[in-house]
Amino acid sequence: MGLGRWTIEVVVLTTVFSSLLPVRADEHDHKYTDKEEVVLWMNTVGPYHNRQETYKYFSLPFCVGTKKTISHYHETLGEALQGVELEFSGLDITFKDEVMQATYCDIELDKPKRDAFVYAIKNHYWYQMYIDDLPIWGIVGEADENGEDYYLWTYKKLEIGHNGNRIVDVNLTSEGKVKLVPNTRIPMSYSVKWKKSDVKFEDRFDKYLDPSFFQHRIHWFSIFNSFMMVIFLVGLVSMILMRTLRKDYARYSKEEEMDDMDRDLGDEYGWKQVHGDVFRPSSHPLIFSSLIGSGCQIFSVSFIVIILAMIEDLYTERGSMLSTAIFVYAATSPVNGYFGGSLYAKQGGRRWIKQMFIGAFLIPAMVCGTAFFINFIAMYYHASRAIPFGTMVAVCCICFFVILPLNLVGTILGRNLSGQPNFPCRVNAVPRPIPEKKWFMEPAVIVCLGGILPFGSIFIEMYFIFTSFWAYKIYYVYGFMMLVLVILCIVTVCVTIVCTYFLLNAEDYRWQWTSFLSAASTAVYVYMYSFYYYFFKTKMYGLFQTSFYFGYMAVFSTALGIMCGAVGYMGTSAFVRKIYTNVKID
């Protein structure tokens with residue numbers, strides 16, 4: 001009985017991970033022999049201004065070609081989540097065999113079909129196709145200048161470039177403009193022309209990239225500007241803290257030489273006074289440690305995925321970026337458990353199993369909850385973005401059979417290896433009262449202002465990332481993204497250290513949540529920027545696209561905020577431990 005159950009679990013895990021990894025179908029080994037079948041896949045159709053609002057190609061009353069038999073096709077998890085809906089076109093295409101213009105089917109245009117095409121043309125519908133993993137785009141039709149008559153493009157003129165036995169280039173020209181008149185028959189035709197090309201197979205995606213956009217001098221200038229900000233901030237923090245801390249240490253050393261009477265009469269103030277409370281456990285340690293663990297995992301995932309994207313051109317495979325991110329997230333679950341579990345143990349937490357569950361499912365629950373909500377709207381619209389039930393089951397299997405066990409392993413390691421509270425100062429039994437201070441030293445004000453500089457270091461890069469995701473650009477300059485990630489982390493740590501120093505100097509020891517939230521407030525500014533981008537940089541419309549945009553921008557901003565908060569806290573924690581280790585305390 002036990003062996004059978006173990007076998008079933010192995011099969012489930014194998015199936016899940018095989019769906020995560022980019023899989024190529026048999027016909028996608030990208031090598032062809034003469035007269036071998038070349039498949040034209042019809043993907044999706046939808047309004048040009050709403051990139052994520054896509055529908056199955058044959059949801060419009062297009063007709064299908066005569067060829068029915070075809071090899072099978074494998075779909076990855078990333079493709080399923082991104083709404084890829086590949087359907088066979090029915091067109092007969094073979095390698096290096098040219099096809100003169102030929103009719104492959106007829107559309108019997110009744111009034112409902114005409115209305116469907118007219119609606120698509122009014123909303124600037126475009127469609128996407130694939131040949132040998134190379135994307136092709138075409139427009140459904142166009143209206144005349146007066147907007148009274150509507151025309152459908154009926155002739156697909158394909159020109160395919162080959163280099164030896166590989167396809168390296170595909171171009172589509174839409175011709176044959178036919179006026180849409182009810183109760184008529186519209187013939188759909190195609191032709192295929194083959195030509196030799198000097199393009200290397202490895203470089204065949206270069207034509208889809210836009211160097212003039214991504215490598216614009218503004219992009220370079222923004223990186224340089226952020227880099228100078230880092231140098232300035234690091235220098236400023238080092239100078240202020242080194243000089244200020246040296247004075248603090250000198251003052252505290254002088255106070256130690258005084259007798260008790262002089263010390264009582266002296267003006268005692270500063271961060272040393274809260275040494276008995278600075279390492280007191282934060283409020284709500286269970287949630288706090290779960291957030292820190294999740295933030296460390298998000299940082300690990302971001303770093304690893306960017307490295308993989310720099311090494312491998314992930315944009316050349318449909319859904320490979322999303323599949324890779326999910327795989328890496330699942331594999332880095334021990335990071336979450338280790339940092340979250342060790343921090344919770346240091347703070348004296350006893351409900352470590354509950355903390356492990358919250359840490360493991362915090363990010364997946366947020367993402368899946370948003371996707372679940374948007375999925376209802378997608379199902380109402382009959383959009384291809386509606387996530388199939390089988391994909392939902394696969395994601396749940398990943399959460400319960402991969403993420404949770406690995407998180408458990410990390411939690412156990414964290415509690416046993418670094419879960420002992422080895423603080424340089426003892427924690428007083430009775431909390432010290434927090435004195436009144438100026439309004440700008442209040443934690444709420446520090447939290448609101450803390451995210452401005454980190455956001456300022458990344459907001460130009462946010463524009464390029466948003467444009468690649470919400471518009472029709474392929475992001476490929478991952479070296480820029482890695483630089484921006486490093487700059488963001490350095491700026492965040494510097495800002496939170498300064499904020500924490502001022503807070504402790506005001507004898508307020510509530511630095512844990514303040515350091516986390518002051519860094520995490522970057523997410524608020526990013527989300528505010530997403531509103532500006534939506535209204536002034538896009539032409540999106542409709543309930544589905546708007547919900548999709550703001551829903552997933554909220555997920556992105558929250559994940560970014562949790563990551564920045566964790567980075568800020570980890571840097572600040574090292575700083576606090578360092579300064580209290582170097583001062584003599586009775």
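Helices, of type H or I with at least four residues, and strands, of type E with at least two, are taken here as DSSP runs numbered from the N terminus. Counted in this way, the protein chain of this predicted model holds 17 helices and ten strands. The chain has 586 residues, of which 49% count as buried, and its C-alpha trace spans about 105 × 65 × 45 Å along the principal axes. The points below move from the division into domains to one strand and its partners, then to three loop residues, and finally to the empty spaces.

**Overall layout**

- The chain is divided into domain 1, covering 24-208, domain 2, made up of 220-241 and 441-585, and domain 3, covering 281-423.
- The centres of domain 1 and domain 2, taken over C-alpha atoms, are separated by 43 Å, while ten residues of domain 1 are in contact with 13 residues of domain 2.
- Among the contacts in the protein chain with a separation of 6 or more, 83% are accounted for by residues that stand 24 or more positions apart.

**Strand β5 and its partners**

- Strand β5 takes in residues 125-131, and because seven of its seven residues are buried, the strand is largely enclosed by the rest of the structure.
- From β5, the residues Y125, Y127, M129 and I131 point one way, whereas W126, Q128 and Y130 point the other way, and all of them are buried.
- β5 pairs with β1 in the antiparallel sense over six bridges, and within this arrangement W41 has Y130 of β5 as its bridge partner.
- β5 is also joined by six bridges to strand β6, residues 134-139, and these two strands run antiparallel, with I131 standing opposite L134 of β6.
- The hairpin formed by β5 and β6 has two residues between the strands, and in this hairpin D132 takes a positive phi near 55 degrees.

**Residues in loops**

- H124 lies in the loop between α3, residues 111-122, and β5, and although H124 is not a glycine, it has a positive phi of about 55 degrees.
- With a relative accessible area of 45%, H124 is partly exposed, whereas the residues of β5, the strand on one side of this loop, are buried.
- N183 is placed in the loop between β9, residues 166-179, and β10, residues 184-196, and it too is not a glycine but has a positive phi, here of about 60 degrees.
- N183 counts as exposed, because its relative accessibility is 69% and exposed means over 50%.
- T33 is found in the loop between α1, residues 2-20, and β1, residues 40-47, and with a relative accessible area of 52% T33 is exposed.
- T33 and G90 are 57 residues apart along the chain, and their C-alpha atoms are separated by 20 Å.

**The second largest pocket**

- The second largest pocket holds about 390 Å³ of space, and of the 22 residues that line this pocket, L343, K346, Y569, S573 and R577 are the closest to its centre.
- Three helices each supply at least two residues of the lining of this pocket, namely α9 (333-346), α15 (511-520) and α17 (543-581).
- Sorted by class, the lining of the second largest pocket has 13 nonpolar, six polar and three charged residues.
- Because domain 2 and domain 3 both give residues to its lining, the second largest pocket lies between these two domains.

**Enclosed cavities**

- Empty space is revealed by rolling a probe the size of a water molecule over the atoms.
- The structure holds two cavities of 30 Å³ or more, and the second largest of them has a volume of about 30 Å³.
- The second largest cavity is lined by M42, Y57, F58, C63, S89, L91 and Y104.
- By class, the lining of the second largest cavity divides into six nonpolar residues, one polar residue and no charged residue.

Definitions and conventions
Residues numbered from 1 in each chain as written. Predicted model: local features only at pLDDT ≥ 70, side-chain atom pairs only at ≥ 80, totals over all residues. Heavy atoms only, no water. 1 Å grid on protein atoms, 1.4 Å probe; cavity = no way out; pocket = protein on both sides within 12 Å on 5 of 7 lines; lining within 4 Å. Points joined across faces, edges and corners; volume = space filled by probe spheres on them. Nonpolar A, V, L, I, M, F, W, Y, C, P; charged D, E, K, R; others polar. Domains from an automatic or database assignment. Buried < 20%, exposed > 50% of the residue type's maximum accessible area, 1.4 Å probe, protein only. Pairing = 2+ DSSP bridges. Contact = heavy atoms within 4.5 Å.
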